[in-house]
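Load the model, switch on a cartoon view and keep a selection box handy. We'll go stop by stop.

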Amino acid sequence: MSSTKTVFLTGASGFIALHITGVLLSKGYNVVGTVRSQSKADNIIKNFKKEYPDIDSRLVFEIVPDISEPTAFDSALQAHPEIQFVLHTASPFSFGLDQPLDQAYLIPATQGTKNVLTAIQRFAPQVTKVVITSSFAAMINGDKSGDSSFVHTEDTWNPITWADVQNEGDAYFASKTLAEKLAREFVITETPNFTVTSVNPPYVLGPQRFTDTLANKTLNTSAEYINGLLDLPRDYSSQSLDPRGVCVDVRDVALLHVLALENDKLQGLRLFPASAHFNLQVLLNLAHEQIPELSNLIGKGIPEGAEHSANVDNLYYDTSKTLNATGISQWIPLETTVKDSVTQILNYRKEHNI
Ligand code: NDP
């Protein structure tokens, strides 16, 4: 029997999931990914083939058009008895969806989670570890912004209920909170053969795994924060302190998903990665500091006071439990995240005369 381990990865075309696939392949895993269309699968294979000529035998796809469908994952799991681990990343993370809030966020997040867990229990009893991509959204208490006496950790939960939802942001936060709760309750009530670990990142920034996604006018919600900066005019002289929040590099998020499969001590935990507080002006300041040529292209806004504001008017947090449990010494610094993202976008624009 082959010792190669096979991982089932939902939402494999996503920003974070493409990085996860890269980590899995580099560590010798095989991957069965789910995507919504064959063209997405073909494109991912084409990109990874440049790094892994044997990719056809290591990365295969199953088409799952909608994770909300009760039987969404059944045939995919039945077709691959070699799957040992499951990473569930698929969930809506694009704002501006033209649908009622429950259909746009709540149903795919919660039903998608329920469907994958139920399908594993029924059709893949050999699976021992499941990791779900939850979110810092499931940990935060929005009323505590600016309150240094309230520190968000792996143990805090967002108190939001669906009845509290008034806008898209609330809907996303509630969807992630309720989906993670559902997964944790599933383990208690169903006692399946697998454990459920969650990765709870705040805003995920960083370079794209493959540059062809940069051909899109806008990137996914979080990656767009840095991409959008590069469209500021040369005479930009305002100070934008929103969006503000806590962030982390996509490469740390991807690594954590894989460590959660490898390190038994992490089973069942909530893993919380975070590198810095930020606001839009902080990102702009770092971009100019890291890439001096940028001053020929975009304005500097008003650099003064942005960092203080980001650190003070924000959610206080502590990730030391996750650092200790994983043995990671530090998260990738925001300076590196910004530098790598901006460099990648500028190079792409130069190559394509954009
Ligand atoms: P992306 O939008 O890039 O990826 C989301 C993935 O989920 C895509 O592959 C998407 O498919 C798929 N998907 C969404 N809805 C459905 C559906 N109804 N049926 C089938 N597939 C679906 O976002 P990210 O990579 O950033 O997000 C991945 C996960 O990380 C999500 O669970 C998100 O909530 C979580 N997260 C993200 C953060 C961030 O800042 N980026 C922060 C915290 C958590 P398609 O490409 O075809 O649309």
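How many bridges join strand 1 to strand 4? Select residues 6–10 and 83–88 to find out: five bridges join these two strands, which run parallel. Strands here are DSSP runs of E with at least two residues, helices are runs of H or I with at least four, and both are numbered from the N terminus. Two strands count as paired if DSSP finds at least two bridges between them.

Before moving on, some housekeeping. Residues are numbered from 1 along each chain as its sequence is written, and side-chain values use heavy atoms, with hydrogens and water left out. This is a predicted model, so local features need pLDDT of at least 70 and side-chain atom pairs count only at pLDDT 80 or more, while totals for chains, interfaces and linings use all residues.

**Stop 1: the seven-stranded sheet**

Stay on the pair you have and click F8; its bridge partner in strand 4 is V86. Next, bring up helix 1, residues 15–26, which packs on the sheet and touches strand 1, strand 2 (30–35), strand 3 and strand 4. Its direction makes about 175° with that of strand 1. Contact means heavy atoms within 4.5 Å; axes are lines fitted to C-alpha atoms, for helices over the stretch in contact, and angles run from 0 to 180 degrees between N-to-C directions. Add helix 2, residues 38–49: this one touches strand 2 and strand 3, at about 170° to the direction of strand 3.

Now colour the whole sheet. It is open, has seven strands in the order 3-2-1-4-5-7-10, and its pairing is parallel. Strand 3 (59–63) and strand 10 (270–271) each have a single partner strand, so one side of each is left without a neighbour in the sheet.

**Stop 2: the ligand**

Select everything around the ligand, where a residue is near if one of its heavy atoms lies within 4 Å. You should get 27 residues, of which K40, Y172, K176, V204 and N220 come nearest.

For polar contacts, use pairs of N or O atoms within 3.5 Å (within protein, one must be able to donate a hydrogen and the other to accept it, and residues adjacent in sequence count only if both atoms are side-chain atoms). Try these three distances to ligand oxygen atoms:

- K176, from a polar side-chain atom: 2.8 Å.
- R36, from an N or O atom in the side chain: 2.9 Å.
- S91, from a backbone N or O atom: 3.4 Å.

Taken alone, the ligand exposes 890 Å², and the protein buries 90% of that (areas come from the Shrake-Rupley method with a 1.4 Å probe; for residues, only the protein chains shown count as cover). Helix 1, helix 5 (168–190) and strand 8 (203–205) are the elements that give two or more residues to the shell.

**Stop 3: the three-stranded sheet**

Select strands 8, 9 and 11. They form an open sheet in the order 8-9-11, with mixed pairing. Strand 8 and strand 11 (276–279) are the edge strands, each pairing on one side only. Four bridges join strand 9 to strand 11, which run antiparallel, and G245 stands opposite F278 in strand 11. Helix 7, residues 250–262, lies across strand 8 and strand 9 at about 60° to strand 9.

**Stop 4: two backbone oddities**

Most residues other than glycine have a negative phi, and most peptide bonds are trans. Zoom to T191, in the loop between helix 5 and strand 7 (195–199): its phi is positive, about 35°, although it is not a glycine. Finish at P243, in the loop between helix 6 (224–229) and strand 9 (244–249). The peptide bond from D242 to P243 is cis, with omega near 0°.
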